[in-house]
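Hi everyone, thanks for making time this morning. I'd like to walk you through one chain, so let me put it on the screen.

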Amino acid sequence: MDKMTVDPSKSIPAFYAGQSILLTGGTGFLGKVFIEKVLRSCPDVREIFLLMRPKKGLSIKERLSKILNLPLFEKLREERPSNFEKLIVISGDASEKNMGLSATDRQMLVERVTIIIHAAASVRFNNSLKYAIFANTRATRDICILAQNMKNLIALVYVSTAFAHMNEPFVDEKVYLPIADWQKIIEIVETSDEHTLNVFTAKCLDYAPNTYIFSKNLAEKVIQDYSSSLPCAIVRPSIVASTFQEPFPGWLDNVYGPIGITIGAGKGIIRVMYTNGTINEDFVPVDIVIKIVIIVTWKVGLTTYDHSITDSAPLIVNCTSIKYFTYQDCANVMYTIANEVPFEATVWTPYVIFTPNFVLFYILTMLLHILPAILIDLILKFTGHQPMLVQLQRRVYVASCAVSYFTFHELKCNNANRLTLMSLVPQDNVASFFFDVSTFDIRTYCKNCAIGAKKFLLHEDMNRLDAAKAHNKRVYLLVTIVKTITFIGLLWIIYKWIFFGTL
């Protein structure tokens, strides 16, 4: 497609034709899906620069090669294999000052980049304040400084989080006052030792539940402050989950959030959760988030072309649930799916108790998680295997406590900008970039998520479903026997205590 013969305002692929994109976070969940979608649906894009660092003994080129071998890229490999050549990896690290870029790479980006997608972030809730600020806040500042030097920049899109303003009863599509002064916080973190920062952390977070939310909250203010000189936008997704449709349903690449809970519950490892089951679970499929990012970039880029528009406020788009259902509803759906698509090597029948009472949660954790884990680990040890369940249950407990803030607070957002943007998608691009909410069936989506978890995370063979179902029947029989013996034992204890006064 020749960009000069097609009006970019009437064609999203035409807009991207000839553009040079800098993508941070290209090795992450969102980043991978962005790469796949742009190279497949905007085939005339000039190039995509990927900021990447060596990891686990792999060079940046080896890491890219490993990523491109994922099943996610099979459709692209079949349709447009030559487009992989448009990926250019550059050495850098978002957590380092100035992104860890060399002078040569920095100059190359300044000369060639026209679009920045800043999706790099550390999403761990228990990061130290220093690392969270470096990776999420200072990195955003450094991206903006780099963008200011770019000669042909038309759009800078920052991927934030819808949870950055949890103190607001209703999150509008606007910039809110930050928790603190981002410039002062960066200075404090850069000049203070770890001990001082540990003391400081509890005092400075204010209403933020963890360092992740705190650092992302400040990063939004960074974007707002630089938007007076840069064409900026902020996209705020909620919990990002498996693909809905593209390039195929159910793809995912990491165990976190609802996916980790689904796997843990499906295997019978997670049996109690500290949460309010009536709270709506807010998630959005990753391919829908990427479509929004692509469309937002298109919109900002077109506005930049039109120099008569002088509004410097960043465009903000909340990208949250397209259909709501509660944690309990989700669990009920997953119970039925577990019978159709069971996980292998389950240790208990899938069932989760939701409780908002922390004391009860702690007691049930000891009874249903820790004590059985100790017993199973003893059996593993005596049979010559490596004990691991107690350690796993400790991690489950820590994770459950870490996410409890989110499971007790329902996210309510204005999505007007998202709806407006979707209505602007040119008719010829509807098939590639529009998504029809009316076709979103929660049960079908959850089933695809379960299949995706089996295939891409647990590496379980779908041809072994009959064996998994047979194993689950044996587990169900064992659980029934254990429950029956326990129930009879309790009745016997009560009987002895009532009629004989002894135990």
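I'll start with the whole chain and then turn to one helix.

Please keep in mind that this is a predicted model. In terms of secondary structure, we have 18 helices and 13 strands here. The radius of gyration comes out at 25 Å, and the globule rule gives 23 Å for 503 residues; those values are close, so the chain is as compact as a globular protein of that length. If you draw a box along the principal axes, the C-alpha atoms fill roughly 90 × 55 × 45 Å.

What about the inside? Of the 503 residues, 52% are buried. Now look at contacts with a separation of 6 or more: 83% of them join residues 24 or more positions apart.

On the outside, the chain exposes about 23300 Å², with 59% of that supplied by carbon and sulfur atoms. As for charge, there are 50 positive and 44 negative ones, and their mean positions lie 6 Å apart.

Now for the helix I wanted to show you, α18, which runs over residues 465-500. How far does α18 reach from its first C-alpha to its last? The answer is 51 Å for 36 residues, close to the 52 Å expected at 1.5 Å a residue.

Which residues of α18 are buried? They are Leu465, Ala468, Asn472, Val475 and Val479. Follow those side chains on the screen and you'll find their partners: the buried residues of α18 pack against α12, residues 327-340, and α17, residues 442-457.

That's my tour, and I'm happy to rotate the view for anyone.

How values were computed
Residues are numbered from 1 along each chain as its sequence is written. This is a predicted model: local features need pLDDT of at least 70, side-chain atom pairs count only at pLDDT 80 or more; totals for chains, interfaces and linings use all residues. Side-chain values use heavy atoms; hydrogens and water are left out. Helices (H or I, at least four residues) and strands (E, at least two) are DSSP runs, numbered from the N terminus. The radius of gyration is taken over C-alpha atoms; the globule rule is 2.2 Å times the number of residues to the power 0.38. Buried means under 20% relative accessible area, exposed over 50%, partly exposed in between (1.4 Å probe, protein chains only). Contact means heavy atoms within 4.5 Å. Accessible areas come from the Shrake-Rupley method with a 1.4 Å probe; for residues, only the protein chains shown count as cover. Lys and Arg count as positive and Asp and Glu as negative; His and the chain ends are not counted. The place of a charge is taken as NZ of Lys, CZ of Arg, CG of Asp or CD of Glu. The expected span of a helix is 1.5 Å times one less than its number of residues.
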